[in-house]
Structures are given as C-alpha cells and as structure tokens.
Amino acid sequence: MPSAISVITLLTDFGTRDYFVASMKGVILNINSQTRIVDLSHEVAPQQVAEAAYLLKSSYRYFPDGTIHVAVVDPGVGSSRRPLLVTTSRYFFIAPDNGLLSYIFEEETGVEVRVIENKQYRLDSEGATFDGRDLFAPAAAWLTRGQSPGSYGRLIQDAVKLPIEEPAVAHKVLTGRIVYVDRYGNLISNITPLHLKELQGVARKSASEVTIRLAGIEIQGLVGCYADGDKATPRAVINSNGQVEVFIKEGSAADILKCTRGEKIELF
Amino acid sequence: MPSAISVITLLTDFGTRDYFVASMKGVILNINSQTRIVDLSHEVAPQQVAEAAYLLKSSYRYFPDGTIHVAVVDPGVGSSRRPLLVTTSRYFFIAPDNGLLSYIFEEETGVEVRVIENKQYRLDSEGATFDGRDLFAPAAAWLTRGQSPGSYGRLIQDAVKLPIEEPAVAHKVLTGRIVYVDRYGNLISNITPLHLKELQGVARKSASEVTIRLAGIEIQGLVGCYADGDKATPRAVINSNGQVEVFIKEGSAADILKCTRGEKIELF
Amino acid sequence: MPSAISVITLLTDFGTRDYFVASMKGVILNINSQTRIVDLSHEVAPQQVAEAAYLLKSSYRYFPDGTIHVAVVDPGVGSSRRPLLVTTSRYFFIAPDNGLLSYIFEEETGVEVRVIENKQYRLDSEGATFDGRDLFAPAAAWLTRGQSPGSYGRLIQDAVKLPIEEPAVAHKVLTGRIVYVDRYGNLISNITPLHLKELQGVARKSASEVTIRLAGIEIQGLVGCYADGDKATPRAVINSNGQVEVFIKEGSAADILKCTRGEKIELF
C-alpha cells in the first residue's frame, strides 16, 4: 500500500464549462487545502467508460507513488452500481464499478478492491445525481488525511471488467484494433512491439517490410517518427506509449481515412 | 470576515485558448507564489453575466472558508462600472458591479460590499481592456498577503442585482424557469424541493403523481436518479443541487426538446 | 540567471482531451511534487509555432522571477531539431528549436541558449513521438531540483528565429499585420502606441483623427475601451498589451469582417 502524499488526479466526462469539476475541487480543498489536484482529463465523451479506461491507462503510471487517481465516468450514478476504492503497490484508485479500472486490474500489482460503504466519507446532499462531488471527491480527500483503506468498506473479488481484446497472430497476419483517436486524428492501436516481434518471427520480415492494412488502405513499413512522414500519405509509427499508431504528418488520419475507435488493423 | 487562507478561484468568459487566464494566474503568483488557484470555469458564454452568476451560486459554497472567489464576466470593462470586493461571513468575492454576485447577496450572511478604489492594488498597463489581469487578479492576490478589505475602498449599499425570478404556485400550478443547461443537455430549473412541497400541499399529490410540463411535452412523476430513466423518454429528477432537472438518459434533453435557458416549466 | 523557485508553465498544442498534458504533469510531480504547474494554454492550433510564440510573448512576463516556461509545439518531434534550454535575467524557457522563442530572444536580457543534451534528464521510452513527456517535462522538473543550466548541454548561438515583421510608416501610412485573433474574434495587430506616435508625428493627426483600414473597411479614430463601441460597428482600441485591436462590441470582428491572422492593417 502506498503512503498517502497529497496528489489527486481527476478524470471525468464532466467537461470544464459547468460547475461539476470545480465543486469536486472545492470539496477536496475543504477537507485538505494542501492537496495538489491535477486534471487528467474532463473531456471524455459523455459516458464512454472504455475511453476513460484507456486515458487512465495511458497516464496514471507517470504520477508519483501514493497518487490518488479519481475517475468518474458513471452512467449508473444513483443506481446500485458500487463505488470502489482500489489500492495497488503504487497508487490509489477511486471509481464506479463499471469497468473503468479494467487496465489497472491487469497492469498493477498488489491490487485490493474495496466497496466504499462508510457514510462518514460522504457529503450530505438532497439529490442522487452528483456522486463525483458527494461521494468520490470526499472519499479521495479523506485518504490524504490519513484514513485507512480498510475503513472505507469490505474487500470484494468481483469488480466489473471490460472485455479487453488482445491482438493475435493467425496465418501470418497480426490483427488488432484502433483503441483511441487523439485530437490530432492519430489512430492508436492496441498493437505493441511484442506483438510485432511475434509477427516478425512468424513472417520473417523486418519492420520496414511489414505492411499495415487499415480502413481499406495499405501502408508499407514503420517509420521512426512523425517527421519521417509526408503531408499526403498515411504512415505508421511505434508511438511513445509503445503502440502502433497510424498518422498523417500535419493532418488528421482519422478524418482522411474516415476511421474511428474500434476499427480493425492488420499487419502482415 | 473570514481569515485569509490562500485559495483563489477564477470564473471568467475568457476561455482557455488565449493568454488571458494564464496572465491572471501569473499576476497572482507574482504577488503570492503560495496561492492555490482553482479554475471555476472559463467557458461562460461571452458576456453572459446571468450564466456566470448561476455557476458561482452552484459551486462557491463547497470551497474552504476564506476562499477568494474572483469572477470576471465584464461587458463594461474600461467603462465606469465599479469593481467590487465583497466580504461575507465565509468568503471573499471580487467581481465587476453588474449583477454577477446577485445570488451571493441573497444567500450569504454578513455581506459587506466595497468599491475597489485603492490604486496600489492595480497593475500599471497602457490600455483599459483587461481588468481581469490588471485589477481583479492583483486585488485578490493582495488579500492573500493580508491586506484588509477596508483598505480597498468605501462601503456601498447600491450594488447591482439581477432580477431573480422566484417560482410560484397559483391555481395548483407551480411555475418556474430553466436557469441552466449543462454540457449533457440536462435542463436545470429554479424549482426546489421546498417549492415542490408547497405544490404538493395544495394539490395533495405525491412526487410520483406530479406532472411536469416543459416545451410542449408532459412528464409523469419524478424519478430517483438518472439510471431510472430510459434512453428515449424525458424524465425529471431532483438533482444534487436541490433543483428539479429534466434529462434524457444518455441523451441531450436540450437538443431533443429544443429547449434553452429561460424556458418556462410547470408542475401540477 | 534566476533562482529556481518552483513554478512551471506549460504551453502546448496538445489539447486537454487526451492524456498528453496530464502525463507531462505526472512526470514533473514525480520529480518534484512541490512544483506549482500552471497551464498557459493547450489550445494552440496544432503545430502553429507562430501562434504559440505570440501566446508566450503575451503572458510570460507576468509570472514570478525564476518561473520555468515550457513550450511544446513541435512539428519536428523525433527528428534532429534541437531541444533548447534558454536562461534570461528573469526566467527559464524550455522549447524545441523551431522559432517558438523568437520574441523571448528579442525582448529578454541576459539570454543564454543551450541545447539539452544530457540524457540523465530524459525519460526512457520505446518510441520517439512524445518529447513533451519524455524530454521537455523532466528537463523542466530537474531545474526545480537545482540542476544547473550548464549541466544540460553546450551553449549555441544559432537558435532558429521566426521572421518577425515590424510595422512601418511610408507615405504617411502605417502598415502592420493582424498577429492574433482571440476567442471573442478581436483582431489584434502588431501596431503599438510607439508606431502610432511615429505616424501621428508625420501625419499631424490626433488619435481620434486616425483612420484604420482593414479587410476592405475603414474605422474612424481610436476609442478608449470596449464599452465605447456599439453592437453593429467595428471599432479600434489600444488594448492592455499595448497593441491596436479591432473589435465589435458583443460580437466577433473576425467573423463579421471575415478576417484572420496575417491580414494587413493600415493606419493613416
């Protein structure tokens, strides 16, 4: 279990226009005004749990040990879905039990999952529509005040997990999916250098000999960085998160290839 | 008067793309680098004072005692409209005198309103277009350095107030207004459980027997949370700010009902 | 050289939707959890170096001495373009060598430019697409831990500078450019009160007698503030950054005049 230093990150689909995120920050600072609050993102597409799970996966590990990651994308707010406190060997995670923490369960060690049941860590409020402010934010802030995870509620073993599809090689073809489209329109797949190595072992090809097929087009070989692309042609690169990514230099691959999250990508 | 701990919130219509908000933060940190600055929102629709007033009302009370709330939505910048410093029993507020603090005057106790006249708390600048940076930000920062409210300027009694329309029951009909539309398209009214109770006393109806009329449609009864809705049908709920809110589960009620701020809502 | 207090500003074209900015903040806090991080802007149009340079110019000077300004708009990421550490008599700047710091080189004193070569200040990562997280963020954070600029790399004299066009008076006409369009649609030029004074000396006109020509229209005289405009007519004002700016009260001059960055503006 990590020691509780006071960094809290917030990941939501609340946007930054309304009073939602600010209210959460107010609640946290009211419990511990020394907390450092970092916005992970508030622009998750409304209620897209899988997108939020991917954003969390891509950034949580860069924060200091003991960071409390709060993620609230919560179509089931006010229903019986359970609020969770997860401790790992490095971090705390606070989120609804809807699959948002799927990658955490897979990648972290020392995982313990608890239901947040202790009503002392809740804000009183008339309605049941804003657990971000009334439940998740104070639960996080009380951790920075030294409350023990054990005091939050009972351990469980049946937390919800999203089905995470793994890329696979069959008949010398490596098949994966686009798992994220970033603001530049770069198409990020779930294919890692390890998968690529498996393909190359089977197909006996170098990185520059591999063909990438996506959305009806074929790209020849992987380049080393964005600057190696040119302005008209889609290229593929291994990005800094260790994933095969399709891009168009100074353009949007998503727009030009009319490609979105979930699209199939094949390497051979 | 609250003690001056160093949390400053910023509420503006400046957006986050330009250099406006960052300049305000620079000015504040240059006066007191220990200040914790929290963005309340910078996405108020340009020059919509009433919208900003509502956002402030919905979030200010969650912050710790002594927080300095700075709100700059200011169509009259550079004109003779007065800059205000308001102290209450819990908070400080700094804003132009254009009605932005209307709800604060109504809801807070121990309210004292001063005009910011002391030029020592101003930045020198050639033009007169950016009081957020040159006047409001330094005024807030100097409070965190212990300057007394009395040193800012004279007390006044005639601060501008927006007309705030109260819901009312007549002929067994409770009439209110949509006062805010959030990013999900949820339609938030000014009707509270107290108003509802008044209606129920007159009409002798339970919460599930009340009909909600809005934008040409009728909704039967209030549900307990968003999860109780379904994807096709508008529903009404008492939200966590204690207001009747019309929503469509995983959809935008504003888009589907073609409804905006100011629309009439009737309960009977 | 400034002493290293711990304020770091971030200016990027990364947006706030993806995991990019949060990852940079995580890296910084992991090296020094006491750092105060301020978002300068993350909404620079993708890969628009000149726009970022202008945003930095407009805000950096309001921050406390010793602030570390990190600017990452970097079409050449992963290529051989050099990463720079610039020290001035007041600040640190960390950015790619692509002209982003052009105004800093012009306006600051005591400028020393170094290439960041020391690999100890880099994060290990598989790909070469995210220098914001892997190179620029840790380079900034290690400064807050007291590492000396000299330890980063060798001094250079040939940093890239954008061509900065200066307004000029010829035949009693002062010609400048629109250098920035803000979120309100205000058109900000590179013409300062000094240029205006030069014109007025030659043309013998008062500020109210000067005509402003832009995008096919003419505006008579400069007003004192936005409130002096009216809702239908474009007006010109000297803004609080000391630049001639064309605006339409409670409207967008950019939309109505169909005018963008780079447009010629003439005063006579």
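What turn and what shift along the axis lay chain B on chain C? The turn is 120 degrees and the shift is 0.0 Å, and the RMSD of the fit is 0.0 Å. The two copies are thus related as by a three-fold rotation axis. In chain B, the C-alpha nearest that axis belongs to Arg36(B), at 5.0 Å.

Before I go on, please keep in mind that this is a predicted model.

The next pair is chain C and chain A. Here too a turn of 120 degrees with a shift of 0.0 Å along the axis lays chain C on chain A, with an RMSD of 0.0 Å. The C-alpha of chain C nearest the axis is that of Arg36(C), which is 5.0 Å away from it.

Now to the contacts between the chains, starting with B and C. On the chain B side 38 residues are in contact, and on the chain C side 34. In chain B, the residues that lose the most area to chain C are Arg17(B), Tyr19(B) and Thr129(B), and together they make up 26% of what that side buries.

How much area do chain B and chain C bury between them? The figure is about 2900 Å², and 54% of it lies on carbon and sulfur atoms. For those new to this, the size of an interface is often given as the accessible area lost when the parts come together.

Next, the polar side of this interface. Chain B and chain C have 1 salt bridge between them. Its partners are the side chains of Glu43(B) and Arg183(C), at 3.7 Å from N to O. Polar contacts are counted separately, and there are 17 residue pairs of that kind across the interface of chain B and chain C, with both residues at pLDDT 80 or more.

Which elements of chain B each supply at least two residues of the side that touches chain C? They are α1, residues 20–31, and α4, residues 131–144. The largest share comes from α1(B), with 8 residues. Sorted by class, this side of chain B holds 13 nonpolar, 16 polar and 9 charged residues.

A student might expect two copies to meet through matching patches, which brings me to the next point. Of the interface residues of chain B, only 5% are also interface residues in chain C, so the copies meet through different surfaces.

Let me go through chain C and chain A in the same order. Chain C puts 38 residues in contact with 34 residues of chain A. Arg17(C), Tyr19(C) and Thr129(C) are the residues of chain C that lose the most area to chain A, and they account together for 26% of what that side buries. The area buried between chain C and chain A is about 2900 Å², with 54% coming from carbon and sulfur atoms.

For charged pairs, the count between chain C and chain A is 1 salt bridge. It joins the side chains of Glu43(C) and Arg183(A), at 3.8 Å from N to O. The polar contacts across this interface come to 17 residue pairs, both residues at pLDDT 80 or more.

On the side of chain C that touches chain A, α1 (20–31) and α4 (131–144) of chain C are the elements that give two or more residues. Of these residues, 8 come from α1(C), which is the largest share. The classes on this side are 13 nonpolar, 16 polar and 9 charged residues.

And how do the surfaces compare here? Only 5% of the interface residues of chain C are also interface residues in chain A, so these copies too meet through different surfaces.

Last, a look inside one chain. Chain A is divided into domain 1, residues 7–151, and domain 2, residues 168–267. Taken over C-alpha atoms, the centres of the two domains of chain A are 33 Å apart.

How many residues of each domain of chain A are in contact with the other? There are 7 in domain 1 and 6 in domain 2. The two domains of chain A bury about 550 Å² between them, and carbon and sulfur atoms give 52% of that. There are 0 salt bridges between these domains, and 1 residue pair is in polar contact across their interface, both residues at pLDDT 80 or more. By class, the side of domain 1 of chain A that touches domain 2 has 4 nonpolar, 1 polar and 2 charged residues.

Note on methods: Residues are numbered from 1 along each chain as its sequence is written. Chains are lettered from A and ligands numbered from 1 in the order in which they are written. This is a predicted model: local features need pLDDT of at least 70, side-chain atom pairs count only at pLDDT 80 or more; totals for chains, interfaces and linings use all residues. Side-chain values use heavy atoms; hydrogens and water are left out. Contact means heavy atoms within 4.5 Å. Buried area is the accessible area (1.4 Å probe) that two parts lose on being put together, summed over both. A salt bridge is a side-chain nitrogen of Lys or Arg within 4 Å of a carboxyl oxygen of Asp or Glu. A polar contact is a pair of N or O atoms within 3.5 Å; within protein, one must be able to donate a hydrogen and the other to accept it, and residues adjacent in sequence count only if both atoms are side-chain atoms. Helices (H or I, at least four residues) and strands (E, at least two) are DSSP runs, numbered from the N terminus. Ala, Val, Leu, Ile, Met, Phe, Trp, Tyr, Cys and Pro count as nonpolar, Asp, Glu, Lys and Arg as charged, and the others, Gly among them, as polar. Copies are superposed by least squares on the C-alpha atoms of residues with pLDDT of at least 70 in both. Domain bounds come from an automatic or database domain assignment.
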